[in-house]
Amino acid sequence: MRRCSRTACARSAVATLTYVYSDSTAVVGPLATYAEPHSYDLCENHAHGLTAPRGWEVLRLDIDADRSTPGIDDLEALADAVREAARPAPRRPVEPEADSEETGRRGHLRVLRTPTTP
């Protein structure tokens with residue numbers, strides 16, 4: 001069980017705070033699976049009460065404090081995404097232009113000769 005990163009707070013963490021400096025955005029989302037060096041674990045009170053500096057935006061993602069582990073739907077969605085990413089893209093053969101002829105091939109490259117006009 002991870003604790004809130006705020007000083008003197010002993011409550012359990014339910015959210016993770018991450019800063020996106022390039023966008024001037026603070027993102028508060030569900031508790032990350034692993035503690036990261038550049039993110040902060042927050043309890044429910046500190047996650048809901050967080051304010052950002054002037055000019056910054058706070059992006060709040062859904063936090064389900066009752067659910068500390070991923071559900072079966074989350075795991076299935078993750079497995080589907082991994083399978084989709086691992087699947088090779090279908091290769092389409094490239095047809096040579098109508099007015100050129102193929103003179104050679106080297107691996108995936110082709111040498112095409114453009115016909116000369118008399």
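Me: What makes the largest nonpolar core here, with its 11 residues, a "core"?

Reply: Its members are Cys 4, Cys 9, Val 14, Ala 15, Leu 17, Ala 26, Val 28, Leu 42, Cys 43, Ala 47 and Leu 50. The label takes buried Ala, Val, Leu, Ile, Met, Phe, Trp, Tyr and Cys residues joined through side-chain atoms within 4.5 Å. E1 and E2 each put at least two residues into this core. Keep in mind that this is a predicted model, where local features need pLDDT of at least 70 and side-chain atom pairs need 80 or more, while totals for chains, interfaces and linings use all residues. Numbering starts from 1 along each chain as its sequence is written, and side-chain values use heavy atoms, with hydrogens and water left out.

Me: Which residues does Leu 17 touch, leaving out those up to four places away in sequence?

Reply: The list is Ala 26, Val 27, Val 28, Ser 39, Tyr 40, Leu 42 and Leu 50. Touching is a plain distance test: heavy atoms within 4.5 Å.

Me: How do you know whether Thr 25 is buried or exposed?

Reply: Its relative accessibility is 9%. Buried means under 20% relative accessible area, exposed means over 50%, and partly exposed is what falls in between (1.4 Å probe, protein chains only). At 9%, then, Thr 25 is buried. Met 1 goes the other way: 80% makes it exposed. Met 1 belongs to the segment before strand E1 (15–20).

Me: What does Thr 25 have around it, setting aside residues up to four places away in sequence?

Reply: Thr 25 touches Thr 18, Tyr 19, Val 20, Trp 56, Glu 57 and Leu 59. There's also a polar atom of its side chain 3.0 Å from the backbone oxygen of Asp 23.

Me: How many aromatic pairs are there by the ring rule?

Reply: The rule pairs rings of Phe, Tyr and Trp (its six-membered ring) if their centres lie within 6.5 Å; planes under 30 degrees apart are stacked, over 60 edge-to-face, and the rest tilted. That gives four pairs. In one of them, Tyr 19 and Tyr 21 have ring centres 5.9 Å apart and planes at 35°, so the pair is tilted.

Me: Why is the Tyr 19 and Trp 56 pair called edge-to-face?

Reply: Their planes stand at 85°, with 5.9 Å centre to centre. Tyr 19 is in strand E1 and Trp 56 in the loop between helix H1 (44–48) and strand E4 (57–60), so this pair ties together parts 37 residues apart in sequence. At 29%, Tyr 19 is partly exposed; Trp 56, at 26%, is partly exposed too. Tyr 21 comes in at 61%, which makes it exposed. Tyr 19, Tyr 21, Tyr 40 and Trp 56 form one aromatic cluster.

Me: How do you know that E2 and E4 pair, and which way do they run?

Reply: Pairing needs at least two DSSP bridges between the strands. Four bridges join E2 to E4, and the two run parallel. One position to look at is Val 28, which stands opposite Arg 60 in E4.

Me: What makes strand E3 (39–42) and E4 edge strands?

Reply: Each of them pairs on one side only. The open sheet has four strands in the order E3-E1-E2-E4, with mixed pairing.

Conventions: A polar contact is a pair of N or O atoms within 3.5 Å; within protein, one must be able to donate a hydrogen and the other to accept it, and residues adjacent in sequence count only if both atoms are side-chain atoms.
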